[in-house]
Amino acid sequence: QVQLVESGGGLVQPGGSLRLSCAASGSIFSISSMGWYRQAPGKQRELVATITSGSNTNYADSVKGRFTISRDNAKNTVYLQMNSLKPEDTAVFYCNVRGRPYTSPYTYTYWGQGTQVTVSS
């Protein structure tokens, strides 16, 4: 079993900042990519940012220059620093991890439970 525990969501005013964290635990042998997705009400889930094991990053155009993804491989944790937040950033943010458990030679995709981010005055 692999668990992803997210934290750091909440309510923030436009222009404010939040930092999301996601820690992977359990029987995970190795992690390749880690990332964040979000889903706003009435919309499909969309990619926000990803980071590979070699720290190569990829961002959605809508968050470039405002959000920064990073990871701590020793802690199996991925972070998302969100600055200059806008009302349109309001969504449930989901952590995404691709990794291999001890019990299988295959790579699987795991999802966190989601954390709400609300940007409003």
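This passage walks through the salt bridges, core, disulfide, strand pairing and loops of a predicted model.

Charged pairs make a good starting point. The structure has 4 salt bridges, and Arg38 takes part in a pair with Glu46, where the closest N and O atoms sit 2.8 Å apart. Arg38 also forms a salt bridge with Asp89, this time with 2.9 Å between the closest N and O atoms. That second pair links distant parts of the chain: Arg38 belongs to strand 4 (residues 28-39), while Asp89 is in the loop between strand 8 (77-82) and strand 9 (91-101), 51 residues away. Sharing of partners joins Arg38, Glu46, Arg66 and Asp89 into one salt-bridge network.

The members of this network do not all get the same label for accessibility. Arg38 is buried, its relative accessible area being 7%. Asp89 is buried as well, at 1% relative accessibility. Since buried means under 20% relative accessible area, Glu46, with its 36%, falls outside that class and counts as partly exposed. So the Arg38–Asp89 bridge has a buried residue at the arginine end and a buried residue at the aspartate end, whereas the Arg38–Glu46 bridge runs from a buried arginine to a partly exposed glutamate.

Away from that network, Lys64 forms a salt bridge with Asp61, and here the closest N and O atoms are 3.1 Å apart. Asp61 is exposed, with a relative accessibility of 64%.

Back at Arg38, the surroundings go beyond its charged partners. The side chain of Arg38 makes a polar contact of 3.3 Å with the side chain of Ser62. With residues up to four places away in sequence left out, Arg38 touches a string of others, including Gln44, Arg45, Val48, Val63, Phe67, Ala91, Val92 and Phe93. Its salt-bridge partners Glu46 and Asp89 are on that list too, as is Ser62.

Next comes the nonpolar interior. In soluble globular proteins, nonpolar side chains tend to be buried together. The largest nonpolar core in this model has 31 residues, and among these Trp36, Leu80, Met82 and Phe93 touch the most other members. Two or more residues of this core come from each of strand 1 (2-7), strand 3 (18-26), strand 4, strand 5 (46-51), strand 7 (67-72), strand 8, strand 9 and strand 11 (115-119). Met82 shows what one of these well-connected positions looks like: setting aside neighbours within four places in sequence, Met82 is in contact with Gly16, Ser17, Leu18, Leu20, Arg66, Phe67, Phe93 and Val117. Phe67 and Phe93 turn up among the contacts of Met82 and also among those of Arg38. Arg66, another contact of Met82, is a member of the salt-bridge network described above.

The model holds 1 disulfide. Cys22 and Cys95 make this link, with their sulfur atoms 2.1 Å apart. The link is left-handed, with -80° about the S-S bond. Cys22 is in strand 3 and Cys95 in strand 9, so the disulfide ties together parts of the chain that are 73 residues apart in sequence. Cys22 is buried, at 0% relative accessibility, and Cys95 is likewise buried, with a relative accessible area of 0%.

Strand 9 also has a partner further along the chain. Strand 9 pairs with strand 10 (residues 108-111) in the antiparallel sense, over 4 bridges. One bridge partnership puts Gly99 opposite Tyr108 of strand 10. A hairpin of 6 residues joins the two strands.

Finally, a few loop positions deserve a look. Asn56 is in the loop between strand 5 and strand 6 (57-59), and counts as exposed at 52% relative accessibility. Beyond its neighbours within four places in sequence, Asn56 is in contact with Thr50 and Ile51. Asn56 and Gly15, 41 residues apart in sequence, have their C-alpha atoms 27 Å apart in space. Ser55 lies in the loop between strand 5 and strand 6, and has a phi near 70°, a positive value in a residue other than glycine. Ser55 is partly exposed, at a relative accessible area of 47%. A positive phi also appears at Ser84, where the value is near 50°. Ser84 is placed in the loop between strand 8 and strand 9, and is partly exposed with a relative accessible area of 41%.

Definitions and conventions. Residues are numbered from 1 along each chain as its sequence is written. This is a predicted model: local features need pLDDT of at least 70, side-chain atom pairs count only at pLDDT 80 or more; totals for chains, interfaces and linings use all residues. Side-chain values use heavy atoms; hydrogens and water are left out. A salt bridge is a side-chain nitrogen of Lys or Arg within 4 Å of a carboxyl oxygen of Asp or Glu. Buried means under 20% relative accessible area, exposed over 50%, partly exposed in between (1.4 Å probe, protein chains only). A polar contact is a pair of N or O atoms within 3.5 Å; within protein, one must be able to donate a hydrogen and the other to accept it, and residues adjacent in sequence count only if both atoms are side-chain atoms. Contact means heavy atoms within 4.5 Å. A nonpolar core is a set of buried Ala, Val, Leu, Ile, Met, Phe, Trp, Tyr and Cys residues joined through side-chain atoms within 4.5 Å. A disulfide is a pair of cysteine sulfur atoms within 2.5 Å. Two strands pair if DSSP finds at least two bridges between them.
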